[in-house]
Amino acid sequence: MAEDKVEVLRAGCFFCHVRCGVLVTKVNGRITNIEGDPDCPHNKGYTCSRLDKERYLEGFVYNPNRLKKPLKRKGERGGGQWEEISWDQAFDEIAAKLAELRDEYGPETLAFTEGTARTWSWLHYKFTNLFGSPNTGGNGTICYSSDMWLEPCTYGGFCSDKADWVNADLVVLWGRNTIASEPLLWHWVDTNRKERGAKLLVIDPRFSEVAQQADLFLQLRPGTDAALALGFINVIIEEDLYDHEFVDEWCIGFDELRERAKEYPPEKVAEITWVSADKIREAARLYATAPSACLPWGQKGGDASGINASSAIQAKAILRAITGNIDKKGGDQLAPPSRFPPAFYEHYALSQEQRDKMIGNDRFPGLTFKGWDVISQAYPSFYPYSNAPLLFRTMRDGDPYPVKALIVQADNPVMAFSNTKLVVEALMNLELLVVHDYFLTPTAALADYALPAATWLERPDNCYAVMNHRPMYFGAQARVIERFEGGADVDFRDDYEFFYGLACRLGQEDKWWGPTTEGMLDFQLAPMGMTHEKFYNDVKYMAGQKKFEKYKEPGYKFLTPSGKVELKSSVVEKLAAETGLPFDPLPHFEYPGLSVEKHPEWEGVYPLVMITGARFMPFYHSEHRQPGPYRDLHPDPIFDIHPDTAIDLDIRDGDWCWIETHMGRIKQRARKTSIVDPRVISVQHDWWFPEKEEALPSLFGAFESNANVLLDDDPETLDQLIGAWQQTGVAAKVYKCEEQDR
Ligand SMILES: Nc1nc2c(c(=O)[nH]1)N[C@H]1C(S)=C(S)[C@@H](COP(=O)(O)OP(=O)(O)OC[C@H]3O[C@@H](n4cnc5c(=O)[nH]c(N)nc54)[C@H](O)[C@@H]3O)O[C@H]1N2
Ligand SMILES: Nc1nc2c(c(=O)[nH]1)N[C@H]1C(S)=C(S)[C@@H](COP(=O)(O)OP(=O)(O)OC[C@H]3O[C@@H](n4cnc5c(=O)[nH]c(N)nc54)[C@H](O)[C@@H]3O)O[C@H]1N2
Ligand code: SF4
Ligand SMILES: [Mo]
């Protein structure tokens, strides 16, 4: 009998952003085990329950429902009929159509949307920039990319993804529930608490998993974080708890900030936020007096709050500054501008004329080329975003010009963006929709071409963590599963190969790194004098050393226009002057666009305040809904409702209920729990049902339980500077489904 062939290969888990280093065992070509790599400096052998190998392999990598070969639409768009074609045919036809549309409408007719960081995010920039289009958009506006732009406006760097989780004396989890979202980060906090006695402050409308571990918990009204942060600033200044040395030496705009903060005394903030004035004071004192405190980014602590998003982000940046926690050991470390060479993104290949056409430039300039152009004079980086709500309107209406082609890679816009019906109308109006994904998602079901993507186990990589406490971590990843290992009828292409195939047919070939993904990885490592092969075989991991208080070095300048920390932002002032729009250079609070206070006519009609999208296991956004071991753990969509409210509405645990806003209604099952305030409900996001009918109007049940059906993206309700839409703090109502609706 032949001996078993056993191999152990290294990879980086990509089930969440933190990318734990793992060892993968293959026996006779089939994976039998995945476990944490004790030699990885990032996770040191840790993995979380998500990576449970039985579920991961059967439910994901070897899932029989994966797309296997390129599919081309037959019949009507969204009609559920496909023919299988080769990759060469797909590349030839897509490239020819793109060239035709470019000739007819100009290159800006091509758009790209990205999801959360799950792949090499520079590829689509490179491709669209070289094609001549400025229109890459995505979820970044309500997730993290806004912070990447706004924090540099304040202190010329990006702090909130480099919290020093492991050395902090106080960790503030503000709209962040790492136990359910990024478990390794929670592991760091937990270890820090046990080994160093770190304290934990949690700010969340739900008594979340992390809140249940907190030393102090503030249960605020959803969508009022900007007011709370201003209340903290008020207390810290009025009680003289700020770091005088840092403020005097390094900050400008303090007097204006002091005046603004006077408008937010704790008693007033208590009325807005539902947190008592005493607790506001207690929390502000705890944060300001901790020897060191980190205040990492949290998706619901600002970005997702619509009209207040930029104020919440800016107010938190100010808090880090005036307490002297910027770049302190145990605080939030200043990360330098982009780590990658310009050839990755090719932003400089795009002419000014094309940049100016970016959708969103004129109305919400913060994150667009216009905003980056202003800030990049001091902070040399670019990560521009078209504004997604405007981009979808442009696809639908052809105004200000026709956007007729869309490439979607690692994104599921039908599930991820607010105002699902409008998103679908926009996609229906395209002449070319290409989707590159693992599964036939509701978005892929509307495509002209649905193309099978390689997972992280089917591509090599230089893994890096989006969330980290070190300046840098790289792990060398093997191509664990080789092409065609699953049989001749399975032909995945990874995200590099996808773009390279198109690029070669559109005259971009010499700008890319050859036909294999290793070429790109070699280019990335070239400045370090090695190839991917050498990295994998000899080096394995790289981890940067932390360096604190860099601003104390002689001649240091913060990378802002003034060289100082700008508590009042000159970048925002400049954008206001350039556009004639009334942007506020200091943070402020107004009631959210989708609240009863903004819509008195909703009083009594939509009496509850809704959260959408608080993370929960085992899913990652819209992924893993296919029947199988993940779905078995969580078969139905669930919303949380306080027992008293449920009794008032005659709702029992498990009842199917309608959740309704002015946009429409969806149904989910009730979970009675006192982790939410009686005035609040928390609704799961991204539910679709791969087992249901594919063809429109069902679209795998994409309109039945999807929280984004309930959310509006009316430009008036967005943050006016960065265009963030509102996912939390939304007025809603709930009632039981009739028998026939269940
Ligand atoms: N109501 C509401 N909506 C929300 C949120 C919320 O809290 N509430 N959260 C928002 C946030 S923060 C974000 S970031 C977005 C996320 O939005 P998306 O990133 O669009 O989320 P997914 O629905 O998971 O879609 C990702 C798709 O990419 C595929 N995929 C994963 N990895 C890869 C890869 O490496 N290559 C390729 N080609 N495909 C891949 C998956 O199969 C999946 O279909 O959702 C946003 N939407
Ligand atoms: N399981 C799972 N993990 C994920 C993802 C996933 O879809 N599923 N998505 C990934 C992505 S792209 C992201 S961006 C991260 C996000 O991960 P987190 O930043 O942890 O985001 P959420 O879980 O959406 O929200 C965190 C907490 O904020 C609370 N919250 C809701 N509204 C408000 C509010 O108005 N103010 C405050 N202060 N808190 C509020 C919620 O109750 C929740 O407990 O998770 C990543 N990890
Ligand atoms: S924490 Fe994230 S990267 Fe680490 S094992 Fe869990 S899912 Fe994977
Ligand atoms: Mo996100």
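**Surroundings of ligands 1 and 3**

Of the 33 residues around ligand 1, those that come nearest are Thr116, Asp411, Ala416, Asp437 and Ser622 (a residue counts as near if one of its heavy atoms lies within 4 Å). The model is predicted: local features need pLDDT of at least 70, side-chain atom pairs need pLDDT 80 or more, and totals for chains, interfaces and linings use all residues. Residues are numbered from 1 along each chain as written, chains are lettered from A and ligands numbered from 1 in written order, and side-chain values use heavy atoms, without hydrogens or water.

Three polar contacts (pairs of N or O atoms within 3.5 Å) illustrate the fit of ligand 1. A backbone N or O atom of Thr116 lies 2.7 Å from a ligand oxygen. The Thr612 side chain places an N or O atom 3.0 Å from a nitrogen of ligand 1. For Ser622, a side-chain N or O atom is 2.4 Å from an oxygen of ligand 1. On its own, ligand 1 has 910 Å² of accessible area, and the protein covers 99% of it (Shrake-Rupley method, 1.4 Å probe).

The shell of ligand 1 holds eight nonpolar, 16 polar and nine charged residues. Domain 1 (71-138 + 341-359 + 382-457 + 486-543) and domain 3 (600-741) each supply at least three of the shell residues; the bounds come from an automatic or database assignment.

Ligand 3 is surrounded by residues including Cys13, Cys16, Cys20 and Cys48. Arg19 and Arg50 also belong to this shell. By class, the shell has eight nonpolar, one polar and two charged residues; Cys counts as nonpolar and Arg as charged.

Notes: A polar contact is a pair of N or O atoms within 3.5 Å; within protein, one must be able to donate a hydrogen and the other to accept it, and residues adjacent in sequence count only if both atoms are side-chain atoms.
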